[in-house]
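Subject: Structure handover

Hello,

Here is the structure I promised you. Please open it beside this email and follow along as you read.

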Amino acid sequence: MTSPYGTTRTRVAARHALIAPDGHVKSNVPGITGAETVILINEAMGAGFAQVMVTFGRGGRARVAEEGTDTFGYFMNGSATVTVGGLKKRCSAGHYFYAPVGVAWSITAPTRGTRVMLFEKDYEPLARVEAPWPLIGDSSKVKGEPFLGDPDARLQVLLPDSPAFDMAVNIFTYKPGATLPFVETHVMEHGLVMLAGQGVYRLEDSWYPVGAGDVIWMAPYCPQWFVAIGKQPASYLYYKDVNRAAL
Ligand code: UGY
Ligand code: MN
């Protein structure tokens, strides 16, 4: 889309980034064919993980052999068949999968326009802790719990809260006017996509209007806060590195 005078809401700063959909440029990624793939966040930005959006054409597919990363995929729309290790399921909007390090996964037979958001991380094993296991789930079956006691800001935790898992992926849904209760500053890193609604995100010392389709990177210790605005609830899907030692 052309914007007059070369304007965009996109901003890439040293410790955070807002990537608006108008600036997307696709990449060819090994293992993914018949799709438009956009690498939204990765090490080149300064991040410790990758966030990749794949939009499939008819006949498109993703086939990834065993890799050194763990991969989480979330269906934003459309439908396709997912295999992870020995699991297989026809997935549609709101379904998700997790492929641990060393487990092959695939997405095949997508309807045209099927969009999947991937988060990839180099897995950090822990001595004497079991390996994480493959999963295919449905976010509509995951209960939203009040965040720090606020029933207007609800959190759905999509992956098991087990030391085996070194990443969390959650959905946060806010009623209009609800906020993160304080400006968070923490060691965990985030990659985020707005799924619905709108609001204002504070990242470090800047405030950004955001809406569906916007992607945000927050480096470790990036001060962060959100308020939902408008008449509809706002929700976002986000990644977080978890469960590992300080040193
Ligand atoms: O899990 C989190 O750190 C979450 N409360 N952060 C966020 O929504 N920016
Ligand atoms: Mn946070």
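Ile-136 sits in strand β11, which covers residues 135-138. Keep in mind that this is a predicted model. Which residues does Ile-136 contact, once neighbours within four places in sequence are left aside? They are Val-82, Val-84, Leu-87, Lys-88, Lys-89, Cys-91, Tyr-96 and Phe-97. Now find Arg-154. It comes 18 residues away from Ile-136 along the chain. The C-alpha atoms of the two are 22 Å apart.

Next, the sheet. It is open and has eight strands. Their order is β1-β2-β18-β15-β20-β14-β13-β12, and the pairing is antiparallel. Which strands stand at the edges? They are β1 (11-12) and β12 (145-147). Each has a single partner strand, so one side of each has no neighbour in the sheet. As general background, strands of a sheet pair through backbone hydrogen bonds.

Look at β15, residues 190-196. Five of its seven residues are buried, so call this strand mostly covered. On one side, β15 pairs with β18 (residues 215-218). The two run antiparallel and share four bridges. Here Leu-192 is opposite Ile-216. β15 also pairs with β20 (residues 234-241), again in the antiparallel sense, over six bridges. Two positions let you trace this pairing. Val-193 has Leu-237 of β20 as its bridge partner. Ala-196 stands opposite Ser-235, also in β20.

Stay with Ser-235, in strand β20. Is Ser-235 buried or exposed? Its relative accessibility is 11%, and buried means under 20%, so Ser-235 counts as buried. Leave out residues up to four places away in sequence, and Ser-235 touches Ile-171, Phe-172, Thr-173, Met-194, Leu-195 and Ala-196.

Now the metal. Ligand 2 is a manganese ion. Which residues are its protein donors? They are Glu-184 (OE), His-186 (NE2), His-190 (NE2) and Gln-224 (OE1). They lie 2.2 to 2.3 Å from the ion. The site has six donor atoms and is octahedral, with angles of 77 to 174°. Along the sequence, the donor residues follow the spacing E-x1-H-x3-H-x33-Q. Glu-184 and Gln-224 link distant parts of the chain, 40 residues apart. Glu-184 is in the loop between β14 (167-174) and β15. Gln-224 belongs to strand β19 (residues 224-229). Both residues are covered. Glu-184 is buried, at 12% relative accessible area. Gln-224 is buried too, at 1% relative accessibility.

Last, ligand 1. Which residues surround it? The list is Phe-147, Phe-172, Leu-180, Glu-184, His-186, His-190, Tyr-201, Gln-224, Tyr-236, Tyr-238 and Lys-240. You will recognise Glu-184, His-186, His-190 and Gln-224 from the manganese ion. Three polar approaches are worth finding on screen:

- His-186: an N or O atom of its side chain is 3.2 Å from an oxygen atom of ligand 1.
- Tyr-201: a polar side-chain atom lies 2.9 Å from a nitrogen atom of ligand 1.
- Lys-240: an N or O atom of its side chain is 2.7 Å from an oxygen atom of ligand 1.

Best wishes

How values were computed. Residues are numbered from 1 along each chain as its sequence is written. Chains are lettered from A and ligands numbered from 1 in the order in which they are written. This is a predicted model: local features need pLDDT of at least 70, side-chain atom pairs count only at pLDDT 80 or more; totals for chains, interfaces and linings use all residues. Side-chain values use heavy atoms; hydrogens and water are left out. Buried means under 20% relative accessible area, exposed over 50%, partly exposed in between (1.4 Å probe, protein chains only). Two strands pair if DSSP finds at least two bridges between them. Donors are N, O and S atoms within 2.8 Å of the metal (3.2 Å for Na, K and Ca); water is not among the atoms, so sites may look incomplete. Four donors count as tetrahedral if all angles lie between 85 and 135 degrees; four count as square planar and six as octahedral if opposite donors are over 155 degrees apart and all others between 65 and 115; anything else is irregular. Contact means heavy atoms within 4.5 Å. A residue is near a molecule or strand if one of its heavy atoms lies within 4 Å of it. A polar contact is a pair of N or O atoms within 3.5 Å; within protein, one must be able to donate a hydrogen and the other to accept it, and residues adjacent in sequence count only if both atoms are side-chain atoms.
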